[in-house]
Amino acid sequence: VVDTGEPLTRLGAIEIEPSAFERCRLRLTQVASESTQVVAELGNAFDPESWASLCEASWDLVITNPPYVRYQRSTEERSGQFSVPSASAVRSGLGDVLACLDYLSPEYRSALQGLVGTYSGLADLAVPSWILCAALVKPGGTLAMLVPDTWLSREYAAPLSALLNRYFEIEYVVHDSDATWFDEATVRTTLFVARRRDSDSDPSRPSAGALHVRVDHSAASEGSLVGGAFPGSSSPEAAFAMAVRT
């Protein structure tokens, strides 16, 4: 985002894990200018209180790596270093968060709330995370999410596929071809980048299709997943983004 040269007027984040939150807050302040509003909240993203200072307007860009907590582990609230909400609390809280987002059009709000009430109880936390993030993106804005390579083919993800096809254009799908992006991962990972349609009232407009890119371990350098592919670049991520755009 910084490398595009676009002015950053507002940066926001919510993180539930305290040490990750501190790293997040530091990184936000490092890229912010004097005119950038930075709001970082330590808390549960499915709690309306976490959004008190973040929900006044929709966002041009929403990025997340949603938690893939199995539903068996989220049936009850668990406490430790931080409190993990139960599956029922996540569903209830998500509905309350959507109710706070005054900028949602009636049609879009209805579609999202319908998903909140009907998504499968077998779904992991990725499902409500998709719904939440989709609600935050303004028309014409961008949603970027990291997901397992086979995630959207799961049965309980079908309603989300319908939501994406109706309200978003999937532009880029970047595949981790040999499962090297995350050291402890046992499955391949995929980055989805989708643009929110400019209008909620044009469901018949055909999709332009997505560009699929595979990135393997040979593209990486010590400091970047694509640094080896752009060895002369001071910002290989920006070079990669430009390459897939063109």
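Start by selecting Glu237, which is partly exposed, with a relative accessible area of 42%. You are looking at a predicted model, and this residue is a handy place to get your bearings. Glu237 sits in helix α6, residues 236-245. Show its surroundings and, leaving out residues up to four places away in sequence, you will find that it touches Ser224 and Val226. Draw a C-alpha to C-alpha distance from Glu237 to Val226 and you should read 6.6 Å, for a pair 11 residues apart in sequence.

**Zoom out: the whole chain**

Switch to a cartoon view. The protein has 6 helices and 7 strands, and from the N terminus on they run β-α-β-β-α-α-α-β-α-β-β-β-α. Colour by accessibility next: of the 246 residues, 39% count as buried. If you like contact maps, take the contacts between residues at least 6 apart in sequence; 69% of these join residues at least 24 apart.

**Select 18-31: helix α1**

The 14 residues of α1 should span 20 Å at 1.5 Å a residue, and its end C-alpha atoms agree with that, being 21 Å apart. Highlight Ala20, Phe21 and Leu28, the buried residues of this helix. They lie on the same side of α1, because they cover an arc of only 100° around the axis. What do these buried residues pack against? Show β1 (10-15) and β2 (37-42), and you have their packing partners. Now turn to the face of α1 that points away from the buried side, where you will see the exposed residues Arg23 and Gln30.

**Select 87-100: helix α2**

Helix α2 also invites a length check: its 14 residues reach 20 Å from first C-alpha to last, close to the 20 Å expected. Its buried residues are Val90, Gly93, Leu94, Val97 and Leu98. Look down the axis of α2 and these fall within an arc of 140°, so they line one face of the helix. Add α3 (106-118) and α4 (126-136) to the view, since the buried residues of α2 pack against both.

Two packed helices are described by the angle between their axes and the distance between the axes. Take each partner in turn.

- **α2 with α3.** The axes come within 9 Å and cross at roughly 170°. That angle makes α2 roughly antiparallel to α3. To see the contact, show Arg91, Leu94, Gly95, Leu98 and Ala99 of α2 together with Arg109, Leu112, Gln113, Val116, Gly117 and Thr118 of α3.
- **α2 with α4.** Here the axes are 11 Å apart and the angle is about 5°. This pair is therefore roughly parallel. Show Val90, Leu94, Val97 and Leu98 in α2, which meet Pro128, Ile131, Leu132 and Ala135 in α4.

**Go inside: the nonpolar cores**

In soluble globular proteins, nonpolar side chains tend to be buried together. In this model the largest nonpolar core has 44 residues, and those touching the most other members are Trp130, Ile131, Trp151 and Phe168. Elements giving two or more residues to this core are β3 (59-64), α2, α3, α4, β4 (137-148), α5 (158-167), β5 (168-176) and β6 (189-196). Which of them gives the largest share? Select α4, which contributes 9 residues.

Centre the view on Phe168 and look beyond its neighbours within four places in sequence. Phe168 is in contact with Tyr108, Ala134, Val137, Leu143, Leu163, Ala194, Arg195, Arg196 and Arg197. A second, separate core of 9 residues can be coloured next; among its members are Val174, Trp181, Ala219 and Val244.

**Two last stops**

Select Thr64 in strand β3. Is it buried, exposed or partly exposed? Thr64 is partly exposed, because its relative accessible area is 22% and the buried class ends under 20%. Beyond its neighbours within four places in sequence, Thr64 is in contact with Cys133, Ala144, Met145 and Leu146. The C-alpha atoms of Thr64 and Leu146 are separated by 6.7 Å, although the two residues are 82 apart along the chain.

Finish at Ala179, in the loop between β5 and β6. This residue is partly exposed, with a relative accessible area of 27%. Check its backbone torsions: most residues other than glycine have a negative phi. Phi of Ala179, however, is near 55°, a positive value.

Methods:
Residues are numbered from 1 along each chain as its sequence is written. This is a predicted model: local features need pLDDT of at least 70, side-chain atom pairs count only at pLDDT 80 or more; totals for chains, interfaces and linings use all residues. Side-chain values use heavy atoms; hydrogens and water are left out. Helices (H or I, at least four residues) and strands (E, at least two) are DSSP runs, numbered from the N terminus. The expected span of a helix is 1.5 Å times one less than its number of residues. Buried means under 20% relative accessible area, exposed over 50%, partly exposed in between (1.4 Å probe, protein chains only). The arc is that of the directions from the helix axis to the C-beta atoms. Contact means heavy atoms within 4.5 Å. A nonpolar core is a set of buried Ala, Val, Leu, Ile, Met, Phe, Trp, Tyr and Cys residues joined through side-chain atoms within 4.5 Å. Axes are lines fitted to C-alpha atoms, for helices over the stretch in contact, and angles run from 0 to 180 degrees between N-to-C directions. Angles under 35 degrees count as roughly parallel, over 145 as roughly antiparallel, 65 to 115 as roughly perpendicular and the rest as oblique.
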